[in-house]
Amino acid sequence: MLQAAHNDRRSNSHVIIDSVESATNHTANNRIDEVSATTTTTHQLSSDDTTQSSDNTHNIIDKQQLLTDLPRHVAFICDGNSRWAQANSLHESLGHVAGADRVVSLIKTLQCLRIDTDAHDTLPSTRQSSIDIEDSQSTKQQQKQTRIEYCTLFAFSTENWSRSQLEITALFKLITQTAIKYQTHSSIVNGTIQITLLGNLNDVRIPDDMRSALLELVKVSTDACNERRRRRRLLEDDRDCIEDDDILTICLAINYGGRADILQAATRLAQSIASGEVTLDNNNNNDDTTQQQQQLENLISSRLSTSTIPDPDLIIRTGGEYRLSNFLLWNVAYTELYFSDLLWPDFDDEELVNALSWYGRRNRRYGGR
């Protein structure tokens, strides 16, 4: 069934893409406009009430017996859109349309994924950071993560500016149209998805309409999530209950680079030290070395664009490349890395389950034994 659903999604993408590709006499700029225009249609294929989405949901739930522990935070390097288009004799910009369709399907799946703690005889998650190494190993083995709470998508890197202006413009139009559409998506309106942004959106090369659409999407989702939490507190009369509110945080990394993020954090810290806002502990006692290092790490971490999210437990890269490409460099100290040869539009729910099953078998020692 998973393969059938995957083939249906591929077929739907081809119908849309072929209708655009058939306009062979259009100029390059007109073709960009057509790619942008198809965005809404593409995402309607994976909207709330379609039979296809329902089938995918049931398929992925059927596979959950393979999963014993989920990452709290999974990040994706969504590589291979252009190569997918080339392999299918399509314009490279249309590969991003198929990739966006895959993102929509992925988010729907992640919302549905949950491990039954009773079935697996495990304890609820303790919401620990992925770099928390203070608990004993035996305790960690008992504490299983039951659902995915954070998902980061590498949408556009600081190095992607070297691509053709045609491709960049088409991609930005796609992002803009998607952001506008999803301001009214039920998951956003109902407060079950929180959108956050990573990267430098103040770059003058970022189109104003794209920046505005993304910031508005963040605002709408934040307001809805806060309202959902407020209502839940009123209903349950327990402020601690928001720890298990089922909100999935989607982090969009746009014009993001790991080195740039570290540099801006270090610059902010240097400015804080120079102004007297921050005072470093200059005690040279060797016994305090670890504590001093932890202080510096905390001071830098709190100034990164990723300061509000936990470090990723799992990074999945598609497209057959075996590198991080300047993605979350500070945050991946103890992240599990999974590489797939599949191009991003072909990375379906079955492949996602394979990656998550692989993660569940990893023995994460965090430097210990």
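Two strands count as paired when DSSP finds at least two bridges between them. Helices (H or I, at least four residues) and strands (E, at least two) are DSSP runs, numbered from the N terminus. What is described here is a predicted model, in which local features need pLDDT of at least 70 and side-chain atom pairs count only at pLDDT 80 or more, while totals for chains, interfaces and linings use all residues. Residues are numbered from 1 along each chain as its sequence is written, and side-chain values use heavy atoms, with hydrogens and water left out.

To begin with the whole chain, there are 13 helices and six strands. Of the 369 residues, 49% are buried (under 20% relative accessible area; exposed is over 50% and partly exposed lies in between, with a 1.4 Å probe and protein chains only). Taking contacts (heavy atoms within 4.5 Å) with a separation of 6 or more, 77% join residues 24 or more positions apart. The accessible surface, from the Shrake-Rupley method with a 1.4 Å probe, comes to about 18100 Å², and 47% of that belongs to carbon and sulfur atoms.

Now for the sheet. The six strands make an open sheet with parallel pairing, and their order is β3-β4-β2-β1-β5-β6. At the edges sit β3 (193–198) and β6, each of which pairs on one side only. From one strand to the next, the twist averages 20 degrees. (Axes are lines fitted to C-alpha atoms, for helices over the stretch in contact, and angles run from 0 to 180 degrees between N-to-C directions.)

At the β3 edge, six bridges link β3 in the parallel sense to β4 (residues 248–256), with Ile193 having Leu248 of β4 as its bridge partner. Helix α10 (residues 208–236) packs on the sheet here, touching both β3 and β4, and its direction makes about 140 degrees with that of β3.

At the β6 edge, β5 (residues 314–317) and β6 are parallel partners over four bridges. One of the pairs is Ile315 with Leu337 in β6. Side chains alternate along β6 (residues 336–339): Glu336 and Tyr338 point to one face and are buried, whereas Leu337 and Phe339 point to the other and are not.

Next come the nonpolar cores, each a set of buried Ala, Val, Leu, Ile, Met, Phe, Trp, Tyr and Cys residues joined through side-chain atoms within 4.5 Å. The largest has 50 residues, and those touching the most other members are Phe76, Leu110, Ile250, Ile316 and Leu352. Helix α5 supplies the largest share of this core, seven residues. Leaving aside neighbours within four places in sequence, Leu110 is in contact with Phe76, Ile148, Cys151, Leu248 and Leu352. A second, separate core has 14 residues, among them Ala75, Ile77, Ile315 and Val332.

Two single residues round off the picture. Gly95 has its place in helix α5 (residues 92–112) and counts as buried because its relative accessibility is 0%. Beyond its neighbours within four places in sequence, Gly95 is in contact with Asn81, Trp84, Ala85 and Pro345. Gly95 and Trp344 are 249 residues apart in sequence, yet their C-alpha atoms are 9.3 Å apart in space. Asn160, in the loop between β2 (150–157) and α8 (165–181), is buried too, with a relative accessible area of 16%. The Asn160 side chain reaches the backbone nitrogen of Ser157 at 2.8 Å.

Definitions and conventions
A polar contact is a pair of N or O atoms within 3.5 Å; within protein, one must be able to donate a hydrogen and the other to accept it, and residues adjacent in sequence count only if both atoms are side-chain atoms.
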